[in-house]
Amino acid sequence: MRINFRQMITSASAIAIVAVMGITTNIATAEDKAASPLEEGKKLAFNKKKGNCLACHMIQGGEMAGNIGPPLIAMKARFKRDALIAQITDAREKNPNTIMPPFGTYSIVSEKEIEKIADFILSL
Amino acid sequence: MKKVLTIAATTLALGLTPLVGVQASPADDLSAFQGYFKKRFPDTKLADYKNGVYSVDAPSREQWEEMEEFPPYELAIDDGESIWNKKFANGKGYADCLGEVGAIRAKFPHYDAKNDDIATLEGAINKCRTDNGEKAFKWKKGKLAKLSAYIAYQGRGGKGDVKVEGEKAEAWYNAGKTFFYGKRGQLNMACADCHVYYSGQRIRGDTLSPALGHTTHFPVYRSKWGNLGTLHRRYGGCNKQMRAKPFKAQSKQYKALEYFEAYMSNGLEFNGPGARK
């Protein structure tokens, strides 16, 4: 009984600590975001529920990349920002039967998010 | 959800196949389909496509062959055998509906002219049960998958020989074909995108299997599931990956899809159950 009670106290304080840490990490990521839009674009590009570009494209800094699409390298030399945004918004403009999802047209990510992804890709 | 549905409907209409003409006969489709893979993977023999992704992915094949030495589906086959041997309350058994166990697997799927329907192995098992006053099993896993595994195991070596004869059977076939090549879901993808045009390539860490051979080795024990699943369970999973609404196991859509995919795999041996990561 006493042990149980002690365990309860320890776990209660553990929860309290986690709660405090949770708040601090939230603050930290908020600051991260503010500090680096490129980092945000990278997260959007890699996140499976967002761009998930890595599913198909090799991208520097990403792990377990697929090889369905061409590697996204030396992008600045090859792509204007507008053309890149157009490609992400709806790849069917260039290839009607493409496997690349129409991220903008089908609202997979927002316009703002596309811009952030594009800026990250252009930094490669 | 509504949005996903409209997208699926509009793209389905446009999603005609560049690989196989809509007007082509099933026999023409079959030779174009198998011919496509022959060119795409010149080192893979036709008979080897029954092994799914391992037919085109040498690095993972070795691991798989090791797994097959102590197959994770072995217990399920034993369970399936007990289910097969257990008589119904009326004293009858599955053999009374389905015939000799070793000959069953290769008979499915087929067009059932009497009911204008596609008869699948799982459908026939449950029909046998309900015709004999027993409750149907659940469709995607559990007892049905185990019994299907036992029947598949006993039927190893039988060859696929699906027939598409007559207008109504062709309508089923065409429905399956349209589904297979149609773009669907929020990601606007077709089955053919992943399992024809980019088969053998990697999506994230997964190598994509050729659709040729998809139907030969089911049910499959999948490490990710931790148990055995039917073909239609897998269809549902892939539909979700495309962010498209999955249909129910044994729905018209998936029966048509199975009919089409099985026809495309004609000539291959059945070698189920299979094991996949």
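Modeller: Let's start with a term: a salt bridge is a side-chain nitrogen of Lys or Arg within 4 Å of a carboxyl oxygen of Asp or Glu. This is a predicted model, where local features need pLDDT of at least 70 and side-chain atom pairs count only at pLDDT 80 or more, while totals for chains, interfaces and linings use all residues. Residues are numbered from 1 along each chain as its sequence is written, chains are lettered from A and ligands numbered from 1 in the order in which they are written, and side-chain values use heavy atoms, with hydrogens and water left out.

Biologist: Okay, why is the pair A:Glu40 and A:Lys116 called a salt bridge?

Modeller: Their N to O distance is 2.9 Å, which falls within 4 Å, so the pair passes. A:Glu40 sits in helix α2 (residues 37–46) of chain A and A:Lys116 in helix α5 of chain A, so this bridge ties together parts that are 76 residues apart in sequence. Helices (H or I, at least four residues) and strands (E, at least two) are DSSP runs, counted from the N terminus.

Biologist: How many salt bridges turn up over all chains?

Modeller: The rule gives 16 over all chains. Across the interface of chain A and chain B, though, it finds zero.

Biologist: What makes that an interface, then, and which residues of chain A supply the most buried area?

Modeller: Contact does, for a start: 22 residues of chain A touch 21 residues of chain B, with contact meaning heavy atoms within 4.5 Å. About 1800 Å² is buried between the two chains, and carbon and sulfur atoms give 51% of that. A:Ile68, A:Ile99 and A:Tyr106 supply 36% of what chain A buries against chain B, more than any other three residues. Buried area here is the accessible area (1.4 Å probe) that two parts lose on being put together, summed over both.

Biologist: What polar pairing is there between the chains?

Modeller: Eleven residue pairs are in polar contact, both partners at pLDDT 80 or more. That term needs a pair of N or O atoms within 3.5 Å; within protein, one must be able to donate a hydrogen and the other to accept it, and residues adjacent in sequence count only if both atoms are side-chain atoms.

Biologist: Now chain B. What are its domains, and how do you know where they run?

Modeller: Domain 1 covers 2–70 + 165–276 and domain 2 covers 74–154; those bounds come from an automatic or database domain assignment. Their C-alpha centres lie 23 Å apart. At the boundary, 19 residues of domain 1 of chain B are in contact with 24 residues of domain 2 of chain B. The area buried there is about 1900 Å², with 67% from carbon and sulfur atoms. On the domain 1 side, B:Leu228, B:Gln250 and B:Phe270 supply 26% of the buried area, more than any other three residues.

Biologist: What makes B:Asp117 and B:Lys255 a salt bridge?

Modeller: Their closest N and O atoms are 3.0 Å apart, and the cut-off is 4 Å, so they qualify. Between domain 1 and domain 2 of chain B the count is one salt bridge, alongside five residue pairs in polar contact. Elements giving two or more residues to the domain 1 side are α8 (167–181), β6 (227–229) and α11 (252–264) of chain B. Of these, α11(B) gives the most, with four residues.

Biologist: Why is the link between B:Cys97 and B:Cys128 called a disulfide?

Modeller: A disulfide is a pair of cysteine sulfur atoms within 2.5 Å, and this pair is 2.1 Å from S to S, so the name fits. The count over all chains is one. The torsion about the S-S bond is about 70°, so this disulfide is right-handed. B:Cys97 lies in helix α5 (residues 94–98) of chain B and B:Cys128 in helix α6 (residues 121–131) of chain B, so the bond ties together parts 31 residues apart in sequence.

Biologist: Which peptide bond at B:Pro109 is cis, and what is its omega?

Modeller: The bond joining B:Phe108 and B:Pro109, with omega of about -5°. B:Pro109 is in the loop between α5 and β1 (110–112) of chain B. Another cis bond runs from B:Gly272 to B:Pro273, omega near -5°, and B:Pro273 lies in the loop between α11 and β7 (274–276) of chain B.

Biologist: What is notable about phi of A:Ser107?

Modeller: Phi is near 50°, a positive value in a residue other than glycine. A:Ser107 lies in the loop between α4 (81–89) and α5 (111–122) of chain A.
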